[in-house]
Amino acid sequence: MSTKNLNADNHVEEHHGAPSGIMRWLLTTNHKDIGSLYLLFSLLMFFIGGAMAMVIRAELFQPGLQIVEPDFFNQMTTVHGLIMVFGAVMPAFVGLANWMVPMMIGAPDMALPRMNNWSFWILPFAFLILLMSLFMEGGGPNFGWTFYAPLSTTYSNDSTALFVFSVHIMGISSIMGAINVIVTIFNLRAPGMTFMKMPLFVWTWLITAFLLIAVMPVLAGAVTMVLTDKYFATSFFNAAGGGDPVMFQHIFWFFGHPEVYIMILPAFGIISQIVPTFSRKKLFGYSSMVYATASIALLSFLVWAHHMFTTGMPLAGELFFMYCTMLISVPTGVKIFNWVATMWRGSLTFEVPMMFSIAFIVLFTIGGFSGLMLAITPADFQYHDTYFVVAHFHYVLVTGAIFSIMAGAYYWLPKWTGNMFDEKLAKTHFWLSLVSVNVLFFPMHFVGLAGMPRRIPDYALQFADFNAVISIGGFAFGLSQLLFVAVVYKCIKGGEKATAQVWEGAEGLEWEVPSPAPYHTFETPPTIK
Amino acid sequence: MATKQLSWLIPAIVLSGNASANADEMRLNMTKGVTDISASVYNLHMIIFYICCVIGIVVFGIMFWSIIHHRKSKGAKPANFHESTKVEILWTAIPFVILIAMAFPATKTLIEMEDTTDADLTVQVTGSQWKWHYKYFEHDLDYYSLLATPQSEIKNKIAKSANYLLEVDRPLVIPTGQKVRFLITSDDVIHSWWVPEFAIKKDANPGFINEAWTRVNEPGIYRGQCAELCGKDHGFMPIVVIAKEPAEFDKWMAEKVEIAKKFKEEEQKLLAMNMPMEELMALGEKVYNANCAACHQQNGQGIPGVFPGLKDSAIALGDVKEHIDIVVNGKAGTAMQAFGKQLALKDLAAIVTYERNAWGNNTGDVVQAAAINEFLVDK
């Protein structure tokens, strides 16, 4: 027994008598295994949600109804949104946190490993329930991922209960994941790893975890009220019974707006790791980055009603939420400026993670600009619920969140697998994605400004040309992502061996352990310089 | 008066002046619209857009300068700086000042938009799945406005007309130059009444009334759409507003009120008459396809799990009175609307007759206008 433990690099862990095959993955409490499970699950969900986007784009390729009925179209937009938000983006960040947070702070594992296992393994069931509801008589959820009442209560189909349960399970999973991250960071930092020495990815995740704990219960409350309104004759959102449908939107967006930052703060963290590495220069304004992240998180609780300017708020409310929303662009701007200052007079190289990061900075900023435009309430009346908004949130979520996840995956893939990835293939993936994603989302600004509402299966003729272009961009972007799978697969199978540091300019604890990272790292805490 | 707001940002004035000249050549940009408010909104949009452009050019410019000149392959050695409180304060303060400058014109426009006092004319706008209802407060006139694009165009069987999906059977008509107030509400789910040319987008919330207003400067036909997902046919409930000179508007209104009055008198006469089955069936098919087929489908089979079918259904084959009641008064807690207030007696009689005798529902029942009227009088 003791002889087996002598080799700290031993990849196969045996001293717990770990099971092999499928049971290894079902019972694992290892943060690296669970991180991999999260990442692979989110990749699968990315393709399922993506397939639904392809259905949407195929129907919108030409005016008229060709492929699907309007009701099914609504199910596609709804489930596409739910899957991408809760199934692709959030689990991917949790996966990255699982893999990297313990390694970055010198911890042996996550603080609550069994809960970690549980928080992953309930997720597949949540999405199974959601996806199966599509095959029910009457179809799956069709009221948009925002499930506004009373469309989701009195007027929804029978699958609503399944939708509610599935969201509950996703919420429980997120809360458990968030608790784990907080407890790990608070308790398992190596001696000398003070808060202001933590890598920014750890910082952003710590703040994200607090956001999750604050707002996921609000979402749980919202879906529960939808459930009781629909099935138990309550009237939370039913005016005829003394309720208020607009109150639903307040509750939903009180969750929904911090949720937006839950999906972008870890992205900021990833970019803040990658840009210094490939600039060979320390991150500019580390402490201002931390403060900016914290102020974005706090402000995120004060801007929810900017999603609701058209609901008929009082003037004072509209002004308050307009000012707060404009204010949030200040700390976000600080982050962009800091990244640019980090690159300034650095010694830049452009490996694939850096390419995705630069694309992130430019394209996320474009999403930020349209966000600032949307903050201007009188103009928002024209933008609201048009393709301009669709363009905005896809710029921040696809070229923002997803591009950062791609950047992070390419950045850490050699550390995870021990092999360098096929750089040529990865660069092809990058360039195809970059071009197609802009063909896909940029013209949406134009059709939105010209007056095309979102969530419609058919449109007036003046939008036809741009929609054809958008659809072609969509198909190209979707297909390009298959290359990512090819790169990951090849990298797991083999390739040029990676060094411990992997990238020339990389600094931090995760680059001090060998590649691939051994099954157990930092069983004795490292010394922090 | 719109240009007054531009004085906040001098560089933007020049640029937005150029851009607005060719704004309507290609549909790339927001409309300037036909009201003073919509012009202000357009100007706000252009100012903030140009602010974003300038910031973007500066930030990306510096970044790409760095990318080109500070690359390792050119022998660039990394500098050592990584902190500067002065710089951080500077790039916090500058955006803050820009935002404050932007907040002034935005606030001013917003205050104007929300001032619905002193209206010359009030129209109640009610959304329901999937049509709009307009009711003039100062006149004895109200009517429903439905999509006029035929199914055959939507299903790609015939060529699409120029105003595909943006045409209705009875548009809303308002006078130019007068302040028209809209009271917006809904009968079922949340809809949103949006006419881009007026810069009005206001949600129609069931059980609550929202206000909006416009003063249209030029006569014309203005088209919009429902902007809030409201179910299956959300994409198929357009809005068309015709703005007429006040004199023409008054003439139109007088005509319409007269027609509505005559129509009511005709209906009373109809109560004493019996329409033959064939006539009811022919009319019924037409009215059914326009008003009922969206949910119950042309073949009467509905959409399983969403909308019940009528072919062989307990209601269409059962008690006539229950059947009439549900058509006239709707069914609470479902998407089934009360059609009593939407359609003429004759049409309602035809629908019930049609539903009881079409698709193999051969009950042989003939329902007359008088039978329908009993249910209207009742409630």
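This is a short dialogue on reading chain B of a predicted model.

Reader: Where do I start with chain B? What secondary structure does chain B have?

Author: Take stock of the elements before anything else. Chain B has eleven helices and ten strands. Bear in mind that the model is predicted.

Reader: And the overall shape? What radius of gyration does chain B have, and what would a compact globule of 379 residues have?

Author: The idea is to set the chain against a simple globule rule. For 379 residues a compact globule would come out near 21 Å, but chain B has 28 Å. The box around the C-alpha atoms says something about shape too: along the principal axes it is roughly 95 × 55 × 40 Å. As for burial, 38% of the residues of chain B count as buried.

Reader: How do I read the sheet? Which strands form the open sheet, and in what order?

Author: Go from strand to strand across the sheet, then look at the ends. Here the order is β4-β10-β9-β6-β7 in chain B, with mixed pairing. The edges are β4 (172–175) and β7 (200–204) of chain B, and each of them pairs on one side only. On average, neighbouring strands in this sheet are turned by 25 degrees against each other, direction ignored.

Reader: Let's zoom in on β6(B). Is β6(B) enclosed or open, and why?

Author: Count the buried residues along the strand. All five of the five residues of β6(B) are buried, so this strand is largely enclosed by the rest of the structure.

Reader: Which way do the residues of β6(B) point?

Author: In a regular strand, side chains alternate between the two faces of the sheet. From β6(B), B:H191, B:W193 and B:V195 point one way, while B:S192 and B:W194 point the other way. Every one of these residues is buried.

Reader: Which strands does β6(B) run against?

Author: Follow the bridges on each side. Strand β6(B), residues 191–195, is antiparallel to β9(B), residues 220–226, with two bridges between them. One pair to look up is B:W194 with its bridge partner B:Q225 in β9(B). Five bridges join β6(B) to β7(B), again antiparallel, and B:H191 has B:A204 as its bridge partner in β7(B). The hairpin of these two strands has four residues between them, and B:A199 takes a positive phi near 55 degrees there.

Reader: Where else is there a hairpin, and how many residues does it use?

Author: Try β2(B) and β3(B), which a hairpin joins through four residues. Strands β2(B), 131–136, and β3(B), 141–145, run antiparallel with five bridges. There, B:W132 has B:S145 as its bridge partner.

Reader: Now a helix. Where does α5(B) lie?

Author: Check what a helix packs on, then its length and cover. Helix α5 (246–270) of chain B lies across β4 and β10 (238–244) of chain B, at about 135 degrees to β4(B). At 1.5 Å a residue, its 25 residues should span 36 Å, and the end C-alpha atoms are 36 Å apart, which agrees. Cover is another matter: α5(B) is hardly covered, with one buried residue among its 25 residues.

Reader: Last one, the interface. How many residues does each chain bring to the contact?

Author: Count each side, then ask which elements contribute. Chain B gives 78 residues and chain A gives 82 residues. On the chain B side, the elements giving two or more residues are α2 (36–69), α3 (85–113) and β7. Of these, α2(B) gives the most, with 14 residues. By type, the chain B side divides into 41 nonpolar, 21 polar and 16 charged residues.

Definitions and conventions. Residues numbered from 1 in each chain as written. Chains lettered and ligands numbered in written order. Predicted model: local features only at pLDDT ≥ 70, side-chain atom pairs only at ≥ 80, totals over all residues. Rg over C-alpha atoms; globule rule 2.2 N^0.38 Å. Buried ≥ 20, exposed ≤ 12 C-beta atoms within 10 Å, placed from the backbone. Pairing = 2+ DSSP bridges. Axes fitted to C-alpha atoms, helices over the stretch in contact; angles between N-to-C directions. Contact = placed C-beta atoms within 7 Å. Expected span 1.5 Å × (residues − 1). Nonpolar A, V, L, I, M, F, W, Y, C, P; charged D, E, K, R; others polar.
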